[in-house]
Amino acid sequence: MLQLKGLFFLVLTINIDFLITALKAESNSPKLLKRRIPTDTNEDSSKRLSVLISNKLPNDTRFYPTVSNSFVGHQIFSDTIYINGLYNGRKKDSHRARIPNFLPYVITPTSSKKFSTKYMQDLDRGVFSAQAHSDSLQIEQVFYAHKLFTRLLVTEITITVSAYGFYDVAVQNMTAKLSADIKFRKSKLFKCKTPSDAQHQISNDILLASYCSGKTLIPEEDSSPRLPIHIAKTIFPRNLKMNVTSGSLPVTKRWVFIMSVAPDRREAKYYYKKGCIAAKRGILQKFHEDKWTAIWNHGDIRIKSNSSLGLLVKSSLYYLISAFPIFTKEYPFQFFGASPGGLTNGGAGKYYYGHVFWDQDFWMVPALLPIFPDTAQAVLRYRVQRLLPAYVKARSLGYSGAAYPWESAYTGCDVCEGAAYIKEEIHITGDIVHLLKQYMLLNGGHGLTEVAITKLESCEKGKKNANSRRFFSINQQQQEPCVTLPDIYSCTEITDEIQCLYATGWDMVREIAFFWQSRMEWSHKRGGYVINGVMGPDEWHHPVNNSAYTNAIAARSLKFAADLARYLGACPKLSSQWDEISSSIVIPFDEERQYHPEYDGFDPSKNVVKQADTIMLGFPLMEDMPRQVRLNDLLIHRNATTSFGPAMTWGMFAINWLDVGEQERARSDFLRQLANIQPPFNIWSENPDGTGAVNFLTGMGGFIQSIVYGYFGLRVHDNHLSVNPVMLPESNSTDVEEMTLHGLVYRGLFFDFRVTELEINVKLVGIDKPYLTYPCAQIRSVSASHRLCNAGDEATFARGKLELSLES
């Protein structure tokens, strides 16, 4: 500290060299599988269910925290940003296109050790903050992917000084190289005007921004475009300076930096201006946090316990919600699906390249569906919009109807690099129908209209193929709903004009039924339909004949198509045919051992299973079978399943164990999932040794499903839903005192289910106007019945099975 002209000037510069080396992942260790739920040791107990706090970052950079809003995502301290739907590369080489990170940093993993640091992931507010402080200087940098203005990534830097002096804080440029995926044009200056009342104190000028644009280098298909990207970003200095020579202390200054990314120039500039105006008014972060507050008020899973289980649940929900467009009606965008590694991963050679798998439809969305049906709506639209490429794939394999690709990205054509997956792993086509069915059961017929009429957003306004309705049934009144799609044989023949065709959820279900019908054959020996040469969820064994899971999901696809056809008054002859076929599909069964083999010739003593497969006949497919058969399925397949498979396996085992009353086995497998959660920011890894994809949304989906469908016991039936809760398992001698499923949506009514050791309280918390034809909900237990008719009505029952139905 130097004295000059009677004043003390302090010159401080933070060392911010960004040199991070990825460390070798932990080796396989059985002790990882024994991880217990730790007792909460956070200093501030009021934050223990919503804030992840650490004084240091993980040794492995893959487990650094992330921020995402389903349109734009960023791993903190990375030089890369991704946006939803922006891919570069041909076919199997398609991957998320890298956008350089144009946000500044003042605190990095290599910041000076002279400062005390703290890192916090605030789940309630949807922000990550890094703090550094010394005796006279405190720096906080906050990052968030704006949940309302979804094209924005924002960082806010606040510096507080408590001693007179000159403070010079270095700013780290994280841009690094531009991009190997995008060719950018030269940057230009971009001015943002704000209203006269927007005079909130910000230390930097956000009115003058830098604008640039570019296109990806390689299109996914010959017929698909090079994808555009437009960026408007705040210009930042090399240093943030404060000269405090007089006045009261402490003194605080704040800097705001905005990065707006969009596929359209006007869109990128529009959202930058939105952010600019809100920042000048001091409400940019508030808008973001208010949106997160609305989300948590709408739906949540709340665990009251002295352990950190509630925080593990909250963080998993947070990362899942961050991956899907929820409450985006004010500022919508076309959604291109969620990848197993989320939106903050998926570049060239990394974490499934950002491709979309069955993980989205089967593992992630069902976890959120009961409290956030928007997620299913967005995903089903993504699938319906890609019906033509699915039709093309079925034709390329020699079959009718529509077969969805194992991996898809921008176009909906197959971007998988393995021929076996492309040809054999066909159960994804049935998994999509399974999701649509669950969505409709929760939303009634209204659920179909939510995804009924959709098109590729690339169509120019008003540019519709005049003949499109002869290919697609727009509604149930149409007189020709059973004709098939146009005769197209390759992705390259899908022209812009054909892409403008409108498709419906019914079209998708019908074409999938046609595919299954053509994919199977009658076996006189087996006395039913067989499906040969496939790969089930257990990818370690293929090709196999009659995968139990694949055949069962095919049967359910056909049965749902028949039911939906009758509901719409369409295809009476086909609906009867689909009914007959669905009931005649062979599901392998061992009469001697009374269990379902995974496939023809499966030997549980020799064949090691990769992940949950045949046990899912019980849940979620809900095959009707005796309890002993289901128990045999679990016991035999559990012994055959590898201990080091992906996390969602154990969540599915836990659900099924609970269904047959095996609570201790359920507890054991439920807790196994925790080995895949990497501290301190609860980033999930695909495998328990820390390897595989991160941040693994599929594992989170299995974990949340094990709570919603396992320990709450939620089941959705044709005309009612039921719950049969069991208290979440103890750990470290800590009881879960209370667990609440907040905001469950059932056909326009919103419920809270609060469960304790002795009781279940059911509260009607809201009513959606389109469903006012259902004035009351009827709740029944074995010994009592209550009607809930108005928001605020509630009833309490002894803990046990409840059924909820709506009065017509």
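**Close-up views of a predicted model**

**View 1. M622 and its loop.** With a relative accessibility of 34%, M622 counts as partly exposed, because this class lies between buried (under 20% relative accessible area) and exposed (over 50%), with a 1.4 Å probe and protein chains only. This is a predicted model, in which local features need pLDDT of at least 70, side-chain atom pairs count only at pLDDT 80 or more, and totals for chains, interfaces and linings use all residues. Residues are numbered from 1 along each chain as its sequence is written, and side-chain values use heavy atoms, with hydrogens and water left out. M622 is placed in the loop that runs between α13 (572-582) and α14 (627-640), where helices (H or I, at least four residues) and strands (E, at least two) are DSSP runs numbered from the N terminus. The phi angle of M622 is near 55°, which is a positive value in a residue other than glycine.

**View 2. Y351 and two cis peptide bonds.** Most residues other than glycine have a negative phi, and most peptide bonds are trans. Y351 has a positive phi, near 45°, although this residue is not glycine, and its place is the loop between α3 (309-322) and α4 (358-368). The peptide bond leading from L249 to P250 is cis, with omega near 0°, and P250 belongs to the loop between β21 (239-244) and β22 (251-262). A cis peptide bond also leads from H542 to P543, here with omega near -10°, and P543 sits in the loop that separates β25 (528-530) from α12 (548-568).

**View 3. Surroundings of R302 in strand β23.** R302 is part of strand β23, which covers residues 300-305, and with a relative accessible area of 36% this residue is partly exposed. Leaving aside residues up to four places away in sequence, R302 touches W296, E738, M739, T740 and H742, a contact meaning heavy atoms within 4.5 Å. The side chains of R302 and D300 are joined by a polar contact of 3.3 Å; such a contact is a pair of N or O atoms within 3.5 Å, one able to donate a hydrogen and the other to accept it within protein, and residues adjacent in sequence count only if both atoms are side-chain atoms. From C-alpha to C-alpha, R302 lies 8.1 Å from V313, and the two residues are 11 residues apart in sequence.

**View 4. Strand β13 between two hairpin partners.** Strand β13 (residues 137-145) is mostly covered, with seven of its nine residues buried. Strand β12 (residues 127-133) runs antiparallel to β13 and is joined to it by six bridges, where two strands pair if DSSP finds at least two bridges between them. Within this pairing, S129 has V142 of β13 as its bridge partner, and three residues stand between β12 and β13 in the hairpin that they form. β13 also pairs in the antiparallel sense with strand β14 (residues 152-161), over nine bridges, and L137 stands opposite V161 in β14. The hairpin that joins β13 to β14 passes through six residues.

**View 5. An open sheet of four strands.** The strands follow the order β4-β5-β6-β9, and their pairing is antiparallel. At the edges are β4 (66-68) and β9 (99-100), each of which pairs on one side only. Strand β5 (residues 72-75) and strand β6 (residues 80-83) are paired in the antiparallel sense through three bridges, and V72 has I83 in β6 as its bridge partner.

**View 6. Helices α15 and α16 in contact.** The axes of helix α15 (residues 648-659) and helix α16 (residues 663-672) come within 8 Å of each other and cross at roughly 165°; axes are lines fitted to C-alpha atoms, for helices over the stretch in contact, and angles run from 0 to 180 degrees between N-to-C directions. The two helices, α15 and α16, are therefore roughly antiparallel, a term for angles over 145 degrees, whereas those under 35 count as roughly parallel, 65 to 115 as roughly perpendicular and the rest as oblique. On the side of α15 the contact is made by W650, F653, A654, W657 and L658, and on the side of α16 by Q663, R665, A666, D669, F670 and R672.

**View 7. The whole chain as background to the close-ups.** The chain holds 17 helices and 36 strands, and 62% of its 808 residues count as buried. Among the contacts in the chain with a separation of 6 or more, 71% are between residues 24 or more positions apart.
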